[in-house]
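Here is a short report on one protein chain. Keep the picture in view while you read.

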Amino acid sequence: MAILIEKALLLMIILRLLSGSIEVSAALLMFKLNDLEKALYINSLLALVGPVVLIVTTGIGLYGLTEKISLTRIICLFSGIFLILFSLKAK
């Protein structure tokens, strides 16, 4: 029996697996380097990866739901993402 999976869902899964692999690899690299300054640098690079993955996976999901979800809900979702990212940068 074949399992059917939507392309958008498959892309989201692959992207999240890739993101998780990057996180684990970065932690292992920090452990191997055993240097606080280098670990901080690696961590700052990860801070760029997280929001990009969030935006891209949400965009893929919304693209897959374009026929099932209203424009108002899409705008609300992207506004929520924007507010999350804005609050991370606000002092």
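This is a predicted model. Its mean pLDDT is 89, and 97% of the residues reach 70 or more. Confidence varies along the chain. Among the elements of the protein, helix α1 (residues 7-33) has the highest mean pLDDT, 95. Helix α3 has the lowest, 85.

**Helix α1**

Start with α1. This helix has 27 residues. From its first C-alpha to its last, α1 reaches 38 Å. That is close to the 39 Å expected at 1.5 Å a residue.

Which residues of α1 are buried? They are Ala8, Leu15, Ser19 and Ala26. Part of the cover over these buried residues comes from α2.

**The turn after α1**

Next comes Asn34, which follows α1. Asn34 sits in the loop between α1 and α2. Its phi is positive, near 50°, in a residue other than glycine. Is Asn34 buried or exposed? Asn34 has a relative accessible area of 69%, so it is exposed, since the cut-off for exposed is over 50%.

Leu36 belongs to helix α2. Leu36 also counts as exposed, because its relative accessibility is 73%. Compare its position with that of Leu88. The two residues are 52 apart in sequence. Their C-alpha atoms are 23 Å apart in space.

**Two helix pairs**

Now look at how the helices pack. Two packed helices are described by the angle between their axes and the distance between the axes. The table gives both values for each pair, with the classes of the contact residues.

| Pair | Angle | Axis distance | Contact residues by class |
|---|---|---|---|
| α1 and α2 | about 175° | 9 Å | 16 nonpolar, 5 polar, 3 charged |
| α2 and α3 | about 175° | 11 Å | 9 nonpolar, 2 polar, no charged |

Take α1 and α2 at their angle of about 175°. Angles over 145 degrees count as roughly antiparallel, so α1 and α2 are roughly antiparallel to each other. On the α1 side, the contact includes Ala8, Leu15, Ser19 and Ala26. Those residues are the buried ones of α1. Leu11, Met12, Ile22, Leu29, Met30 and Leu33 of α1 are also among the contact residues. So are Arg16 and Glu23 of α1. The α2 side includes Lys38, Ala39, Ile42, Asn43 and Leu46. Further along α2, Val53, Leu54, Val56, Thr57 and Ile60 take part, as do Gly61 and Gly64. By class, this contact has 16 nonpolar, 5 polar and 3 charged residues.

The second pair joins helix α2 (residues 36-64) and helix α3 (residues 71-89), again at about 175°. That angle makes α2 roughly antiparallel to α3. Which residues of α2 meet α3? They are Pro51, Leu54, Ile55, Thr58, Gly59 and Leu62. Their partners in α3 are Ile74, Leu77, Phe78, Ile81 and Leu85. This contact divides into 9 nonpolar, 2 polar and no charged residues. Leu54 of α2 appears here, and Leu54 is also listed in the contact with α1.

**A closer look at Phe78**

Phe78 lies in helix α3. It counts as partly exposed because its relative accessibility is 35%. Which residues does Phe78 touch, not counting those up to four places away in sequence? Phe78 touches Gly59 and Leu62. Both of these α2 residues belong to the contact with α3. Thr58 is on the α2 side of that contact as well. Phe78 and Thr58 are 20 residues apart along the chain, and their C-alpha atoms are separated by 8.3 Å.

Key
Residues numbered from 1 in each chain as written. Predicted model: local features only at pLDDT ≥ 70, side-chain atom pairs only at ≥ 80, totals over all residues. Heavy atoms only, no water. Axes fitted to C-alpha atoms, helices over the stretch in contact; angles between N-to-C directions. Helix = DSSP H or I, 4+ residues; strand = E, 2+ residues; numbered from the N terminus. Parallel < 35°, antiparallel > 145°, perpendicular 65-115°, else oblique. Contact = heavy atoms within 4.5 Å. Nonpolar A, V, L, I, M, F, W, Y, C, P; charged D, E, K, R; others polar. Buried < 20%, exposed > 50% of the residue type's maximum accessible area, 1.4 Å probe, protein only. pLDDT = per-residue confidence, 0-100. Expected span 1.5 Å × (residues − 1).
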